[in-house]
Amino acid sequence: MPIVAQSTETTDWVSRFADEVIEESERRAPGKPVVVASGLSPSGPIHLGNLREVMTPHLVADEVRRRGHTVRHLISWDDYDRYRKVPAGVPGVDESWAEHIGKPLTSVPAPKGSAYPNWAEHFKAAMIEALAELGVEYDGISQTEQYTSGVYREQVLFAMKHRGDIDAILDQYRTKKAPAKKQQGQKPVDEAELEAAEGSGAAAEDDGSSGSAGYFPYKPYCGRCEKDLTTVTAYDDDTTELSYTCTACGHSETVRLSEFNRGKLVWKVDWPMRWAYEGVVFEPSGVDHSSPGSSFQVGGQIVGIFGGKQPIGPMYAFVGISGMAKMSSSKGGVPTPADALQIMEPQLLRWLYARRRPNQSFKIAFDQEIQRLYDEWDKLAAKVADGAVLPADAAAYARAIGTAAGELPRTPRPMPYRTLASVADITAGAEGQTLRILSELDPENPLTSLDEVRPRLDKAETWINTQVPAEERTVVRDEPDADLLKSLDDQGRESLRLLLEGLDSNWSLDGLTHLVYGVPKVQAGFSADATPKELPPEIKVAQRTFFALLYHLLVGRDTGPRLPTLLLAVGQDRVRKLLGA
């Protein structure tokens with residue numbers, strides 16, 4: 001059954017934008033499908049900052065769809081953009097790729113070893129797969145196909161005919177000095193803010209050809225070298241004959257633009273042309289579009305030349321990354337949606353984008369923080385089940401777990417992520433051992449198959465294997481630490497005796513939790529059931545000392561996974577051996 005968000009009873013940001021989009025769409029194109037849009041450039045790895053460009057309109061489109069309206073969410077793959085530079089750190093790519101700078105992304109070879117026919121398709125593939133897992137419904141549009149098949153021919157000829165009007169608008173901003181950018185070193189990936197580059201990587205693109213023949217909003221790709229390092233030298237509006245020269249290879253030719261499909265409008269004209277052509281009502285933009293002369297600002301004026309209107313939509317803030325291990329940093333050095341989906345379920349990733357307004361920045365955790373996020377997510381799920389949740393939080397949860405088409409596949413029995421990660425850490429992925437431990441967590445309702453905790457278990461195991469440094473992994477001792485056991489005083493030996501005596505009757509997650517916290521209380525003369533309010537502060541110190549002793553005896557370190565989980569994982573016989581029984 002479709003998940004119904006409380007669109008009329010909440011004040012969450014998605015519902016508010018849906019109200020505006022429906023109203024605006026009816027004003028502009030009554031009775032027609034609502035059109036929202038995103039743009040992605042496969043110039044390299046499409047990262048988690050770019051994902052906000054998709055998730056913002058997706059969530060709004062899905063809410064509009066839930067209300068019974070027909071919606072088209074367009075994703076323009078800007079694969080006809082020029083190849084601007086060789087990205088660092090991409091496997092299978094070396095300096096020789098620099099010879100392709102200036103060509104369309106679909107004319108650049110894919111990295112060595114890729115199964116895809118060109119650069120653009122290689123980097124689109126991972127995003128397409130991630131969007132499917134995230135439940136994002138969209139209509140993909142290849143700009144290479146649009147331009148090379150002549151779909152935009154009339155728009156190109158129209159732009160060339162009205163080049164003077166376009167030039168006049170652009171000229172208003174050419175004399176405005178852009179604000180100076182603060183010079184700083186490159187941020188490490190765990191501190192980086194990932195933003196979608198303006199115009200899908202077009203920030204470095206010029207706004208048209210301004211040679212001796214005047215201004216032209218169109219760039220031909222050279223017929224010999226395929227690069228866009230060309231200058232239009234003549235154009236006849238009546239015959240549409242266009243002459244150009246290539247500064248890269250010296251090639252010159254004259255073509256008839258009404259029959260020529262090897263070129264594109266420059267970005268600041270291309271974007272508003274598409275708004276008008278597709279009838280886009282809603283499209284967000286990055287904070288970089290707030291600067292004078294930005295593509296969104298200029299496009300708001302140029303779109304009128306094409307007879308269209310600028311879309312409504314928010315500027316969205318950066319997405320930060322918390323603690324991504326260098327050993328698994330995404331190809332190209334930036335984490336992608338595919339990277340995130342290896343360690344977290346799609347519901348959690350959707351929730352991170354749904355719960356924050358677009359103008360609020362947030363971080364996606366690849367470090368220990370992911371465990372806290374999962375705890376927060378599970379608490380929210382419990383509150384929703386109990387009906388004890390704020391309406392806006394309930395709406396964000398509904399948007400996270402499914403779409404208008406229905407719920408996303410979920411883990412049947414979602415055990416705590418931190419528990420699954422600890423077990424995966426200790427067992428090194430041994431399925432029999434993992435099932436034994438997890439089945440003992442709740443003896444009254446034992447787990448019978450690992451399929452019950454998948455895919456969450458698989459995500460937690462991947463997180464352990466890719467994001468936790470080797471020196472922080474848990475390795476259980478093979479033999480008792482005889483020297484440490486001999487050095488214990490009476491209190492230390494007594495604490496181990498109390499623990500060992502209680503193992504058999506408390507062999508469950510809850511039981512062992514009660515036991516390990518209770519031993520220091522009993523030693524101090526209190527009941528094992530005494531609450532923190534009933535205990536003096538020194539009990540906490542005694543508990544930390546006791547925990548440190550157990551960690552040293554079991555794994556040879558001061559800390560490790562939660563002790564109840566660790567004890568279950570090690571098993572009673574081995575625990576007794578290592579604790580000197």
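The protein chain has 21 helices and 17 strands, and keep in mind as you look around that this is a predicted model. Its C-alpha atoms fill a box of roughly 100 × 55 × 45 Å, taken along the principal axes. There are 581 residues in the protein chain, and buried ones make up 52% of them. What does the chain show on the outside? About 25,900 Å² is exposed, with carbon and sulfur atoms supplying 49% of that area.

Now for how the chain meets itself. Take the contacts between residues at least 6 apart in sequence: 73% of these join residues at least 24 apart.

Let's turn to the aromatic rings. With ring centres required to lie within 6.5 Å of each other, the count comes to 21 aromatic pairs. One of them is Trp 267 with Trp 271, a stacked pair at 5.2 Å centre to centre with 20° between the planes. That pair counts as stacked because planes under 30 degrees apart fall in that class. Where do these two tryptophans sit along the chain? Both belong to helix α7 (residues 267-278), and because they are four residues apart there, about one helical turn separates them. Trp 267 and Trp 271 are both buried, too.

For another kind of ring geometry, go to Tyr 353 and Phe 362, which make an edge-to-face pair: 5.1 Å centre to centre, with 85° between the planes. Are these two rings' residues buried or exposed? Tyr 353 has 3% relative accessibility, so it counts as buried. Phe 362 comes in at 9%, so it counts as buried as well. The cut-off behind both calls is under 20% relative accessible area.

Some rings join up into a group. Tyr 80, Tyr 147, Tyr 152, Tyr 221 and Tyr 277 are linked by ring pairs into a cluster.

A ring can also have a charge for company. Look at Trp 351: the charged end of Arg 355 sits over its ring, 4.2 Å from the ring centre.

Finally, come back to Trp 267, this time for its polar side. Which residue does its side chain touch through a polar contact? The partner is Ser 295, and the contact between the two side chains is 3.0 Å. Ser 295 lies in helix α8 (residues 295-302), and with a relative accessible area of 3% it is buried. So Trp 267 stacks with Trp 271 and has a side-chain polar contact with Ser 295, while being four residues from Trp 271 in helix α7.

Note on methods:
Residues numbered from 1 in each chain as written. Predicted model: local features only at pLDDT ≥ 70, side-chain atom pairs only at ≥ 80, totals over all residues. Heavy atoms only, no water. Phe/Tyr/Trp six-rings, centres within 6.5 Å; stacked < 30°, edge-to-face > 60°. Helix = DSSP H or I, 4+ residues; strand = E, 2+ residues; numbered from the N terminus. Buried < 20%, exposed > 50% of the residue type's maximum accessible area, 1.4 Å probe, protein only. Lys NZ or Arg CZ within 6 Å of the ring centre and 35° of its normal. Polar contact = N/O pair within 3.5 Å; in protein donor to acceptor, adjacent residues only side chain to side chain. Contact = heavy atoms within 4.5 Å. Areas by Shrake-Rupley, 256 points an atom, 1.4 Å probe, with all protein chains shown as cover.
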